[in-house]
Amino acid sequence: MAFSPRLLPATPPSRCPPPASSRHGGRTAPELSGPTPRVVVVTSGKGGVGKTTTTANLAASLARLSLPAVAVDADAGLRNLDLLLGLENRVHLTAADVLAGDCRLDQALVRHRALHDLQLLCLSKPRSKLPLAFGSKTLTWVADALRRAANPPAFILIDCPAGVDAGFVTAIAPAEEAVLVTTPDITALRDADRVAGLLECDGIKDIKIIVNRVRPDLVKGEDMMSALDVQEMLGLPLLGVVPEDAEVIRSTNRGVPLVLNDPPTPAGLALEQATWRLVERDAMTAVMVEEQERPKKKVGFFSFFGG
Amino acid sequence: MAPATIAVSLSFRLVPPRPCSVRARWLRQIRASSDGNGVANGDRKVGVLERKVGDLRAVVASVPPAVAALRRNIGLNFIAGFCLGITLLAAVARQVISRIHERDNKGSVADLIRRGQLKSGQRGMAKPRVYDDPFNNPLVKIDEGTSTAQVFGKEYRLAPVRLTTEQQAMHQKRRSRTYQWKRPTVFLKEGDSLPPDVDPDTVRWIPVNHPFAAASTEVDEETAKQNVYQKDGVPSRVKAEHEALQTRLEASHDVNILSSSQRNMQRSERQIRLSNESSGQNSLSGIANNQNGQPTLEFEKHSPDNSSQSKSLEEQ
Ligand SMILES: Nc1ncnc2c1ncn2[C@@H]1O[C@H](COP(=O)(O)OP(=O)(O)O)[C@@H](O)[C@H]1O
Ligand SMILES: [Mg+2]
């Protein structure tokens, strides 16, 4: 459900009908479901579909809900999660330095100055390389060490690199759940299906999709697949539907995640809703579609969540 | 004679003190003519007049080349000045145009910073917005009764999700048939030989030029793992280096210096190594401050001479 989703607490694929909307109104935070820390990999297969954008916003949104989150940039080659979080000037130590014994893990975590519950860990510096022999185990150790820490985070979000090679293998290794980001086009979908298959082979069965960059005007004219079409092709529960929104680029340039935007923006709101569903292990039960019986085109800007 | 002299003196008086060459010549001619004619009165006067007119003519005749010369000079100066002026004007105009252009040069980093979209100094310093329930706030109203939602002032229909659990399981089965995969747990460089204890199914072969993981490492797997798990204390490599240094110093019987500056040595060695390794990292305390905003490793305060001493010792 787009908006009644939190009704279903627990298990992901649960399709039970939403109880009465008693839980709407006056809620200030979602209910955390499951043991923590929850290790979630944000992946897609195809590049440029919005993994990093999604990771940054989920992490920021979690932190604002006072759910401590560690965002891990596992995209060693093309890292930019630090930019989206506005922390690029503060990353000096990485997981590679921790492995080498140059610093401790807690020293390599960069804490956000405004969102104190948000920390960033980069896997390595652009030109330095992870040790080949045990590089694939790095994040497993990191997640385990964070779990044993004095103040373990509630969420460990891993921003996965594109592709399905060594970087992907390393990123998914510690994950128990996955957020599969895709755009409503056939190339991204095929990659998403493959990645979903690999994740399932690896035992990660809790996979939810975020359909990003949806343009309701195109969906309405049947020039773009709807989120429901995407879901039908992948057969996975929907965590969120994020509209194409120019504010995404502005927020990237500002180094402030969209979910912190004031006033809220369509994409920021959609990502915030996705965060709430993630926390409650919920899925959408309905998606919003532009009204059919209104032929005159309304302002396209706000017409998101296209079904 | 007298009137001529008077005229001459008068003419002298009338002449400015530093005459130009033309005038001087003219005056000399007048004086010469007055000197030469002092006898007949009437004739003399007429002769003088005639001569003066003649002299004047000569003078006038002599003037045009001078004026022309003067004009040539003025022309040259004027052209030079004009060129200089044009150049200056062009420079100023160029500056102004480039300023205007800069203003129009949208999208440059400088421009983004100027417009406040990109903050040079305090990027990422967001003050968290006080949030509402993202499902129920002034911008989002959901009416489950009528299956409509009002979002950002626009009404939407809520289309229910059609995916069933059975369909989901079907897709999962389809994928498990299509993609048979076992996650590799060991990365090996292409061309390397397979270690005896490693299952070939778990190996991911990494091309030599792969950007992700190609370097060999000085730490073994167990040490690396312990490094990740270490909760407090000095990081292992820093500690190991310090200990190595200590034994080296002990070997050189320099125990006194050691005890007074061992901590400083640890620090300065670390500094040197870090500055060798990467330009971004300066000193450990600097890193701690940059990364976490508070010092995470404490070192004793040291005087500059102490640290230079330890450095020179280290270089021995
Ligand atoms: N909903 C959206 N609307 C508009 N642009 C978007 C949206 N999501 C992502 N983008 C843009 O797409 C590009 C790639 O996004 P990114 O998150 O870096 O993808 P990935 O990490 O998957 O490579 C970025 O420039 C980002 O600004
Ligand atoms: Mg990315």
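In this predicted model, helix H7 of chain A packs on helix H5 of chain B. H7(A) covers residues 186–201, and H5(B) covers residues 165–178. Two packed helices are described by the angle between their axes and the distance between the axes. Here the angle is about 85° and the axes lie 9 Å apart. Angles of 65 to 115 degrees count as roughly perpendicular, so H7(A) and H5(B) are roughly perpendicular to each other. On the chain A side, the contact is made by A:Asp193, A:Ala196, A:Gly197 and A:Glu200 of H7(A). H5(B) contributes B:Gln172, B:Arg174 and B:Arg175.

Chain A as a whole comes next.

| Property of chain A | Value |
|---|---|
| Secondary structure | 11 helices and 9 strands |
| Residues counted as buried | 68% of 307 residues |
| Contacts between residues 24 or more positions apart | 76% of contacts with a separation of 6 or more |
| Exposed area | about 9,500 Å² |
| Share of exposed area from carbon and sulfur atoms | 54% |

Chain B carries a nonpolar patch on the surface. Its members are B:Phe78, B:Ile79, B:Phe82 and B:Ile86. Together they have about 440 Å² of accessible area. B:Phe78 sits in helix H3 of chain B, which runs over residues 42–104. Is B:Phe78 buried or exposed? Its relative accessibility is 57%, so B:Phe78 counts as exposed. The cut-off for exposed is over 50%.

Notes. Residues are numbered from 1 along each chain as its sequence is written. Chains are lettered from A and ligands numbered from 1 in the order in which they are written. This is a predicted model: local features need pLDDT of at least 70, side-chain atom pairs count only at pLDDT 80 or more; totals for chains, interfaces and linings use all residues. Side-chain values use heavy atoms; hydrogens and water are left out. Patches are made of residues with over 30% relative accessible area and no salt bridge: like charges are joined within 9 Å, nonpolar side chains (Val, Leu, Ile, Met, Phe, Trp, Tyr) within 5 Å. Accessible areas come from the Shrake-Rupley method with a 1.4 Å probe; for residues, only the protein chains shown count as cover. A salt bridge is a side-chain nitrogen of Lys or Arg within 4 Å of a carboxyl oxygen of Asp or Glu. Helices (H or I, at least four residues) and strands (E, at least two) are DSSP runs, numbered from the N terminus. Buried means under 20% relative accessible area, exposed over 50%, partly exposed in between (1.4 Å probe, protein chains only). Axes are lines fitted to C-alpha atoms, for helices over the stretch in contact, and angles run from 0 to 180 degrees between N-to-C directions. Angles under 35 degrees count as roughly parallel, over 145 as roughly antiparallel, 65 to 115 as roughly perpendicular and the rest as oblique. Contact means heavy atoms within 4.5 Å.
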